[in-house]
Amino acid sequence: MLRLAAQSATGTLHRALAPGNAFILQPDPDARAPAPEGKNVLPYALRGMAVKDNITTLSTPTTCASKTLETYRSPFEAGVLEQLRSCMGTVVGKTNLDEFGMGSHSTNSAFGPVTNTTPFERISVGGSSGGSAIAVATLQCDMALGTDTGGSVRLPAAYTGVTGFKPSYGRISRWGVVPYANSMDTVGILAPSATSVMSVFRCAIEPDPRDPTSLTGETRSRIRQSITKSRKRERARRKRLGQWESEDDDTKFMNVRIGIPVEYNIEELDHGVRSIWKDALEIFQVNGATLVPISLPNTKHALSAYYVLAPAEAASNLSKYDGVRYGSRAEGWREGTGHVLYSNTRGYGFGEEVKRRILLGSYTLSSEARDNYFLKAQKVRRLVQRDFDRVFAVPNPLLPTQHFDLSDLDESTPMMDKLGPPQVDFIVCPTAPTAAPSLQYVATQNSVDTYMNDVFTVPASLAGLPAISVPFSISRQHKRRDHPNYTGIQIIGQFGDDQRVITIAEKLE
Ligand code: GLN
């Protein structure tokens, strides 16, 4: 059994006995830091926030669902929490997850798996932010924070019927988020609706100089200007081609072009999910949006690249948990035998999946494998990014201009600083290839089969793009009595176009 008798200065921590094993810890109210003052305020109905337990809080330990950190207390609070508390948010609890964010079903937790609610106890809640997702779904909080490295907010949102948003990389502060794979880690929002996501997002996007990857105020305004300018130019081009409604609203369905990535129509795609995808596209079309088949040819390599890069970063991140600098120390070690302390501590502290990732990452970073795995995966990542940039109408504001910009000569001149002709504003696809599987089925899967769940979420992660999962009901002919009858549809947008992605999701509600 885990020791959870961590004493705070002012009281005892309670293991939260909440439905679904959604929470690891409840905060000690006396240890709560005073809320700093902020300019925005969260709506009253969104103030109680559940926080994934890999995001540091002062009022509780931050365990990452690992024995290694079972009593770890951070000396500081995560930047995103400071921002949300300054908008009147309160932490109602720390939620359960796959250890260090590694997993897709929230079953890899040292505190026991997150479970779904009756009658779906045997159905996966998704992972790794499964505790946050089910806490929102069962109204144990108003909204929740999760982290999304390769889909960990979007997948559980899809499996539990809530809305899950992953922002552009660098948009929400990662200061105080325990790193898994730094180059893809983001803090995501889980909430009952896209409108709620928007309210939370607005309160969480201050630049944070303590996170070196947080976009600075200057970069943000450059991105904003670039996107506004590109949109204006795109509007002019479409007007010229007669593809524009009279109003200047580029979130109006009539003015929107939706990309359907043909490579996402994979053989393994469940019939029910395919039919939901069609339903979603039909909603867009019926309301006047233009549907455009697009090709993202490198998508098929994205999953393999992700599962090389993420474990490589994880192996290097997790090397600090050696029982000396961080984390619990295994008993039975003797002084002067450092390696025994390290290996005992790590052997005791980490779960199976975490150990698997460390081994995988250490191998792909080793001199013999580096060229064939790590560097190749980096190249694939670049190609996946290019695929997206090629199809979006708005160019990636972070990419340098590749040709000189003719726009100053004529506003309606098509973009020249893109890799291809402007095609679409958003990409719409399923969040996962199947609806939530049963835990019994998950238990029979090997790790590679489990990784397949992330096939539609990792491409946006590799490219750092904003993406939202919106719940959709399964059509009547595919309904099953023993299964939740919904899954998620994902909307992906260009880097920095976060607000528009959420606005489009709002319009589907
Ligand atoms: N399932 C993926 C993994 O295990 C995604 C995890 C995440 O986004 N934190 O790596």
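This passage describes the domains, the annotated active site and the ligand surroundings of a predicted model.

The protein is divided into three parts: domain 1 spans 14–202, domain 2 comprises 217–296 + 383–507, and domain 3 covers 305–371. In the contact between domain 2 and domain 3, 5 residues come from domain 2 and 4 residues from domain 3. On the side of domain 2 that touches domain 3, the elements giving two or more residues are α12 (447–451) and α13 (458–463). The most is given by α13, with 3 residues. By class, this side of domain 2 consists of 3 nonpolar and 2 polar residues, with no charged ones.

The feature "active site" is placed by UniProt, in an unreviewed entry, at Lys52, Ser128 and Ser152. These residues span 101 residues in sequence, yet no two of their C-alpha atoms are more than 10.9 Å apart, so they gather at one spot.

Ser128 is located in the loop between β4 (90–95) and α2 (130–137). It is buried, because 38 other C-beta atoms lie within 10 Å, where 20 or more suffice. Beyond its neighbours within four places in sequence, Ser128 is in contact with residues including Leu97, Asp98, Gly101 and Ser152. Ser152 occupies the loop between β5 (143–148) and α3 (154–160). Ser152 also counts as buried, with 36 C-beta neighbours inside 10 Å. Apart from residues up to four places away in sequence, the contacts of Ser152 include Gly101, Gly127, Ser128 and Thr147.

Around the ligand are 14 residues, of which Gly101, Ser104, Thr149, Gly150 and Ser152 come nearest. This shell has 9 polar, 3 nonpolar and 2 charged residues.

How values were computed: Residues are numbered from 1 along each chain as its sequence is written. This is a predicted model: local features need pLDDT of at least 70, side-chain atom pairs count only at pLDDT 80 or more; totals for chains, interfaces and linings use all residues. A residue is near a molecule or strand if its C-beta atom, placed from the backbone, lies within 6 Å of it. Ala, Val, Leu, Ile, Met, Phe, Trp, Tyr, Cys and Pro count as nonpolar, Asp, Glu, Lys and Arg as charged, and the others, Gly among them, as polar. Domain bounds come from an automatic or database domain assignment. Two residues are in contact if their C-beta atoms, placed from the backbone, lie within 7 Å. Helices (H or I, at least four residues) and strands (E, at least two) are DSSP runs, numbered from the N terminus. UniProt positions are given in the numbering used here, feature names are shortened, and annotations may be inferred rather than shown by experiment. A residue is buried if 20 or more other C-beta atoms lie within 10 Å of its own, exposed if 12 or fewer, and partly exposed in between; C-beta atoms are placed from the backbone.
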